[in-house]
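Q: I have this one open on my screen and I'd like a close look at a single part rather than a tour of everything. Could you pick one helix, walk me through what surrounds it, and tie it back to the rest of the chain?

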Amino acid sequence: MEVLANLQTMLTDMLGPFGPVIAMGGAGLLLVLAAIPLMFVGRKDPLDKLKAEAQRSYGANATKMALRERASDNKLNKYAQFLEPQDEKQMGEMRQKLLQAGYRTRDAVRYYFFAQFALALVGLLAGLAYFFGFVKSDETTTQQMLMYILGPLVVGYMLPKYWITKRVEERKEQIASGFPDALDMMLVCVEAGQSMDQSIVRVSKELRASYPALADEYEIVANEIKAGKDKSQVLNDMGARCGVQDISSFVTVLNQSQTFGTPIADALRVYASEMRDKRVMRAEEKANKLPTKMTLTTMMLTVPPLLIILVGPSVLGIANMGSIGGGSGSAVQYGK
């Protein structure tokens, strides 16, 4: 109590009659100022919490994918010298062909050669099982035995190549069919005020339902441009992946337009008109080929029945005349 009285007397002497009140107010103000930073530090923003959780989940998924890819690489790296060509040129050609078929994974070449090896082995086992199970080995020659055993092996080995070639042709046809529509849509987007990059993104979204292969190519181009890759190099890669002459010519037109500074809309308008005319010409070419193709089918299906109808009665009459003549001759001989 004496300490409080002495403190009150000292504050009154220093600050006047309201000295204790002023001292208490200053102490309270200091406490408030000290508590404000603690309040801001202790309070967590919900957005920061969501960001942290998203980063943790993304990091976990990335780690799982990395471990999965590493495990896959470790499995395939053991047989890398058997599952991929050692020649760099052949390796590049095979990877390019798989890209044109739509297989863009890093291990696509290895999976391709593994499929060839596995299917060839399965074919060999199937040929051996069929030969020793259903064919009498004593009655077959060496050539027939090789055909029974090695035939399925060759078929299994060539099956992936046939599949890739067929898929490349189908994908090229799909891209060539949808390319004029893509150019028209891109021209509309550019004339509406969008940039080339924005128009590519929009066209890739709009073409997804009708032409998914072409939409994938446009999406790859948009992602590579967003990543900062050179636009001319991105377009050249697109032309190489598609393997269609129209796409390569389109890439050349865009690169020249960008180099010489001509308006892209004018180049797109002229090229889109040419592509529409070219599509009409392809349709007319198919229509003109149709009569020739139908001729062989018509001959195969109509000529044999027609010959049977026309020649059949004559053949039957000649056969009956022969049988009648033979019977009369025998009768005369019997009378004699």
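A: Let's come in from the side, through an arginine. In this predicted model, Arg-279 has a relative accessibility of 28%, so it counts as partly exposed. Its salt-bridge partner is Asp-181, with 3.3 Å between the closest N and O atoms. Arg-279 sits in helix H12 (residues 264–335) and Asp-181 in helix H7 (residues 142–191), so this pair ties together parts that are 98 residues apart in sequence. Asp-181 is partly exposed too, at 24%.

Now stay on H12 and go to Arg-282, which brings us to the helix I'd pick, H11. Arg-282 makes a salt bridge with Asp-246, 3.6 Å from N to O. Here again distant parts of the chain are linked, since Arg-282 belongs to H12 and Asp-246 to H11, 36 residues away. What about burial? Arg-282 is partly exposed because its relative accessible area is 25%, while Asp-246 has just 6% and is therefore buried, the cut-off being under 20%.

So what does H11 itself look like? H11 covers residues 245–260, which is 16 residues. From its first C-alpha to its last it reaches 23 Å, close to the 22 Å expected at 1.5 Å a residue. Asp-246 has company on the buried list: Ile-247, Phe-250, Val-251, Leu-254, Asn-255 and Ser-257 are buried as well. Here's a handy rule for reading a list like that: an α-helix has 3.6 residues a turn, so residues three or four places apart point the same way. Just past the end of H11 comes Gly-261, with a positive phi of about 80 degrees.

Which helices does H11 pack against? Take H7 to begin with, the helix that holds Asp-181. The axes of H7 and H11 cross at roughly 30 degrees and come within 9 Å. Angles under 35 degrees count as roughly parallel, so that is what H7 and H11 are to each other. On the H7 side, Ile-175, Phe-179, Leu-183 and Met-186 make the contact; on the H11 side, Asp-246, Ile-247 and Phe-250 do. That gives Asp-246 two roles to keep in mind: it touches H7, and it has the salt bridge with Arg-282.

Then there's helix H10 (residues 231–242). H10 and H11 have their axes 8 Å apart and pack at an angle of about 170 degrees. That angle is over 145 degrees, so these two are roughly antiparallel. H10 brings Lys-231, Ser-232, Leu-235, Asn-236, Met-238, Gly-239 and Cys-242 to the contact, and H11 answers with Ile-247, Ser-248, Val-251, Leu-254, Asn-255 and Gln-258. Look at Ile-247: it is buried, it is part of the contact with H7, and it is part of the contact with H10.

One more neighbour is worth a stop: helix H9 (residues 212–226). Its 15 residues should span 21 Å at 1.5 Å a residue, and because its end C-alpha atoms are 21 Å apart, the two agree. Buried residues of H9 include Leu-214, Tyr-218, Ile-220, Val-221 and Ile-225, plus two glutamates, Glu-217 and Glu-224. What do the buried residues of H9 pack against? They go against H7, helix H8 (196–206), H10 and H11. After H9 you'll find Gly-228, another glycine with a positive phi, near 100 degrees. H9 also holds Asp-216, which pairs with Arg-208 in a salt bridge whose closest N and O atoms are 2.4 Å apart. Both ends of that pair are partly exposed, because Asp-216 comes in at 24% and Arg-208 at 35%.

Stepping back, the chain has twelve helices and zero strands. Of its 336 residues, 26% are buried. Its exposed area is about 23800 Å², with carbon and sulfur atoms supplying 65% of that. Among contacts between residues at least 6 apart in sequence, 61% join residues at least 24 apart. Salt bridges number 16 across the whole structure, and the ones from Arg-279 to Asp-181 and from Arg-282 to Asp-246 are among them.

Conventions. Residues numbered from 1 in each chain as written. Predicted model: local features only at pLDDT ≥ 70, side-chain atom pairs only at ≥ 80, totals over all residues. Heavy atoms only, no water. Helix = DSSP H or I, 4+ residues; strand = E, 2+ residues; numbered from the N terminus. Expected span 1.5 Å × (residues − 1). Buried < 20%, exposed > 50% of the residue type's maximum accessible area, 1.4 Å probe, protein only. Salt bridge = Lys/Arg side-chain N within 4 Å of Asp/Glu carboxyl O. Contact = heavy atoms within 4.5 Å. Areas by Shrake-Rupley, 256 points an atom, 1.4 Å probe, with all protein chains shown as cover. Axes fitted to C-alpha atoms, helices over the stretch in contact; angles between N-to-C directions. Parallel < 35°, antiparallel > 145°, perpendicular 65-115°, else oblique.
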